[in-house]
Amino acid sequence: MANEFLQLQDLTKRFADHVAVADLSIAVPRGQVLALLGPSGSGKTTTLRLLAGFERPDAGAIHVDGTDVTSLTPAQRRFGMVFQHYALFPHLTVAENVAFGLAGRDGQSRRDRVAEMLKLVDLTGFQERKVTELSGGQQQRVAVARALAPEPQILLLDEPLSNLDPGLRERTRRELRTALTKIGITTVLVTHEQEEAFALGDQVAVLRDGRLEQVGTPIELYEHPRTLFVATFVGRASRLTGMLGSGGRARLDAGADWVVETAGQLAPGAPVTVVVRPEALQFADAGLPGTVVERRYTGSRALFVVALRQGMVEVEAPVRAADVGDAVHVVAERAHAFRRGKE
């Protein structure tokens with residue numbers, strides 16, 4: 001517990017009759033990036049506002065390095081914030097934007113700190129540019145530099161890449177990850193994009209309806225989801241129904257048993273929802289029978305949509321593995337089983 005620099009303990013926030021955040025507890029080690037991931041209305045933005053001090057929780061506490069900051073104002077918390085729209089001042093230069101939070105320093109100290117921050121985000125030489133002359137990715141880095149200039153304890157990022165086009169978003173994501181790694185500051189970011197959460201987060205917390213579904217590394221969430229929601233929200237996945245057998249297998253059809261990882265205590269004979277990733281499915285000589293109804297090219301491989309008696313599945317396989325209309329059999333290398341009806 002000693003390395004848990006930021007701790008959210010049983011945070012709850014209500015707006016009238018709506019519970020936006022419910023009993024949320026997460027711990028973030030010093031220097032790590034936590035990504036809050038979830039659909040609209042999951043509570044991730046409210047959680048960020050609670051951290052920033054813009055909202056007060058109805059219950060629970062926030063601790064930073066062992067100190068309770070729950071009742072402190074935003075200014076007293078010394079958190080840096082990068083807003084979704086960056087909130088840069090268009091009439092000011094890059095240097096003036098970065099220096100905005102350094103009013104208490106003398107001129108030379110302020111100039112030195114601005115230069116240090118711009119070097120950190122690879123914008124040395126841009127001091128006299130107007131922010132309106134910068135690309136979206138460069139503006140994002142100016143916003144990060146401005147947030148870091150007053151030496152905050154924690155950096156908060158609200159959908160930091162949502163305003164960028166896909167190509168620029170990918171490049172800026174790499175640049176941001178490089179900067180955060182170099183800085184080593186404890187960071188919490190909000191996103192609804194799984195790829196962004198996985199690329200930036202050391203830990204990813206999946207929220208749903210204000211509650212924490214699961215928190216862990218990207219690999220843990222993808223390969224070992226604890227709930228049906230996480231299994232289907234994170235990555236591509238197909239859902240089928242079956243019956244849990246013995247020996248960690250699920251019966252989907254006569255003669256078709258798949259090895260599954262189960263979530264929670266499930267007894268043999270329990271009806272289950274089986275979730276399987278496209279890359280875990282294969283075409284074989286025997287298995288669940290079906291028909292290829294669609295083939296989507298993804299490069300050297302393709303995503304095949306196969307109609308089974310139990311429903312549709314997506315199979316990732318070599319482009320020439322099958323054609324539309326082919327009768328095929330599908331087997332799974334691995335899958336996940338959850339109690340049927342438990343969403």
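Which residues have the most contacts inside the largest nonpolar core? In this predicted model, they are Val-82, Val-98, Leu-155 and Val-206, in a core of 44 residues. The element that gives the most to this core is helix α5, spanning residues 136-148, with six residues. Apart from this core lies another, made up of 29 residues, including Ala-322, Ala-332, Ala-335 and Ala-337.

Val-82 can be followed further through its contacts. Neighbours within four places in sequence aside, Val-82 touches Ala-143, Val-144 and Ala-147, and also Leu-155, Leu-156, Leu-157 and Asp-158.

The next feature is the largest pocket, whose volume is about 320 Å³. Its lining consists of 15 residues, and the closest to the pocket centre are Met-81, Gly-101, Arg-146, Ala-147 and Pro-150. Strand β6 (79-82) and helix α5 each contribute at least two residues to this lining. Sorted by class, the lining holds ten nonpolar, two polar and three charged residues. Ala-147 therefore appears both among the residues closest to the pocket centre and among the contacts of Val-82.Elsewhere in the chain, Ala-237 sits in the loop that runs between α9 (228-233) and β11 (238-244). Is Ala-237 buried or exposed? Its relative accessible area is 27%, so Ala-237 counts as partly exposed, since buried would require a value under 20% and exposed a value over 50%. Beyond its neighbours within four places in sequence, Ala-237 is in contact with Ala-231 and Thr-232, and with Val-275, Val-276, Arg-277 and Pro-278. For Ala-237 and Val-275, the separation is 38 residues in sequence and 6.2 Å in space, taken from C-alpha to C-alpha.

Technical notes: Residues are numbered from 1 along each chain as its sequence is written. This is a predicted model: local features need pLDDT of at least 70, side-chain atom pairs count only at pLDDT 80 or more; totals for chains, interfaces and linings use all residues. Side-chain values use heavy atoms; hydrogens and water are left out. Helices (H or I, at least four residues) and strands (E, at least two) are DSSP runs, numbered from the N terminus. Buried means under 20% relative accessible area, exposed over 50%, partly exposed in between (1.4 Å probe, protein chains only). Contact means heavy atoms within 4.5 Å. A nonpolar core is a set of buried Ala, Val, Leu, Ile, Met, Phe, Trp, Tyr and Cys residues joined through side-chain atoms within 4.5 Å. On a 1 Å grid over the protein atoms alone, a cavity is a set of points where a 1.4 Å probe fits but cannot get out, and a pocket is an open set with protein on both sides within 12 Å along at least five of seven lines; lining residues have an atom within 4 Å of a point. Grid points are joined across faces, edges and corners, and a volume is the space filled by probe spheres set on the points. Ala, Val, Leu, Ile, Met, Phe, Trp, Tyr, Cys and Pro count as nonpolar, Asp, Glu, Lys and Arg as charged, and the others, Gly among them, as polar.
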